[in-house]
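Let's take a walk through this one together, starting with a single helix and working outwards. Have a look at the fold first, then read on.

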Amino acid sequence: MIRESVLLGKVYISNKIPKSREEIRHMIQVFKNKEWLLFFCMFITIAIMSSLKYHNLNTTFFDLGLFLNNFSMIASGQWQSLFLSHIQPLGLFWAIPFYFFSTDLAATIILTFQAAFLVLPVVGLYRHFGLVSALAFSFYFPLWYNALFDFHMDHLAIPILFGFFFYERKGKLYQAISLAVLLSLVKEPFALQTAFCGLYLLARKNYLSGFFLTLFGVAYFTLATQYMQQYFNSPFISI
């Protein structure tokens, strides 16, 4: 009886030991990718908290309600809602869930993706700046406030602006410039940040790229505030 127990124990232990180099390599790789573990922990926590807050009617629902209404209108063909009050062309992508799902499920999808975008920078921070920087970002109060206070298009500015500085530090100017231009499409005030991204590049002696972003940011901000907002929010135009 004792001998059988010992043999069964050996078989059990041998089955728990990886039998190939591929399995060992996979385990080592999972252990090394701690940044994704931190990402998923934050993502799941924020996504669940924001979704439960909405479904339990404990949300400060005013702004979320406005956006849900706007996205629903966009999905129904009223694309002018992209320009109500603020100029937010990226809202077109947030309207996609309303083509296929109910409002409640679409709201959950939106809040889930908002959580994913907000915590995405933690991966780059961990890989290139270490655990301290990643944890500092993870426990940064405005990050959680942004994630749990309804829904705003502004949350996209966090990963986009991080990506700009990240790629600029790595010498990938085309990617950095593309993200700086995309930043202005979040909402018209962020075009001023695009302009300052250009000033930052000028200070870094990237003159052509710096002048381009500065001029683009100023031009877009002027066009959005002086023309597009005036047109789409005119009391004489019904949308």
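Start with helix 12, residues 173–184. In this predicted model, the helix has twelve residues and spans 17 Å from first C-alpha to last, close to the 16 Å expected at 1.5 Å a residue. Which of its residues are buried? They are A176, I177, L179, A180, L183 and S184. Run your eye along those numbers with the usual helix geometry in mind: an α-helix has 3.6 residues a turn, so residues three or four places apart point the same way. Looking down the axis of helix 12, you'll find that its buried residues fall within an arc of 165 degrees, so they line one face of the helix. And what covers that face? The cover over the buried residues of helix 12 includes helix 11 (157–169), helix 13 (190–203) and helix 14 (207–232).

Now follow the chain on from helix 13, and you come to K205, which sits in the loop between that helix and helix 14. Its backbone is worth a glance: phi is near 65 degrees, a positive value in a residue other than glycine. For background, most residues other than glycine have a negative phi. As for its surroundings, K205 counts as exposed, with 62% relative accessibility.

Step back for a moment and take in the whole chain. It comes to 14 helices and zero strands, so if you read the elements from the N terminus on, you get α-α-α-α-α-α-α-α-α-α-α-α-α-α. Of the 239 residues, 40% count as buried. Take the contacts with a separation of 6 or more: residues 24 or more positions apart account for 68% of them. On the outside, the accessible surface comes to about 14,600 Å², and 70% of that belongs to carbon and sulfur atoms.

Next, the aromatics. The count comes to 21 aromatic pairs. One of them is F67 with F71, a tilted pair at 5.8 Å centre to centre with 40 degrees between the planes. Why do these two sit about one helical turn apart? Because they are four residues apart in helix 4 (residues 61–75). Both F67 and F71 are buried.

Compare that with W94 and F117. Their ring centres are 6.0 Å apart and their planes are at 85 degrees, so this pair is edge-to-face; the cut-off for that label is over 60 degrees. W94 belongs to helix 5 (residues 91–94) and F117 to helix 7 (residues 103–119), so the pair ties together parts that are 23 residues apart in sequence. The two partners also differ in burial. W94 has a relative accessible area of 8%, so it is buried, while F117, at 30%, is partly exposed.

You can then put these residues into one picture: F67, F71, W94 and F117 join F98 and F151 in one aromatic cluster.

Last stop, the cysteines. How many disulfides does the count come to? Zero. Two cysteines to look at here are C41 and C197. C41 has 44% relative accessibility, so it counts as partly exposed. C197, by contrast, is buried, with a relative accessible area of 4%.

Conventions:
Residues are numbered from 1 along each chain as its sequence is written. This is a predicted model: local features need pLDDT of at least 70, side-chain atom pairs count only at pLDDT 80 or more; totals for chains, interfaces and linings use all residues. Side-chain values use heavy atoms; hydrogens and water are left out. Rings of Phe, Tyr and Trp (its six-membered ring) pair if their centres lie within 6.5 Å; planes under 30 degrees apart count as stacked, over 60 as edge-to-face and the rest as tilted. Buried means under 20% relative accessible area, exposed over 50%, partly exposed in between (1.4 Å probe, protein chains only). The expected span of a helix is 1.5 Å times one less than its number of residues. The arc is that of the directions from the helix axis to the C-beta atoms. Contact means heavy atoms within 4.5 Å. A disulfide is a pair of cysteine sulfur atoms within 2.5 Å. Accessible areas come from the Shrake-Rupley method with a 1.4 Å probe; for residues, only the protein chains shown count as cover.
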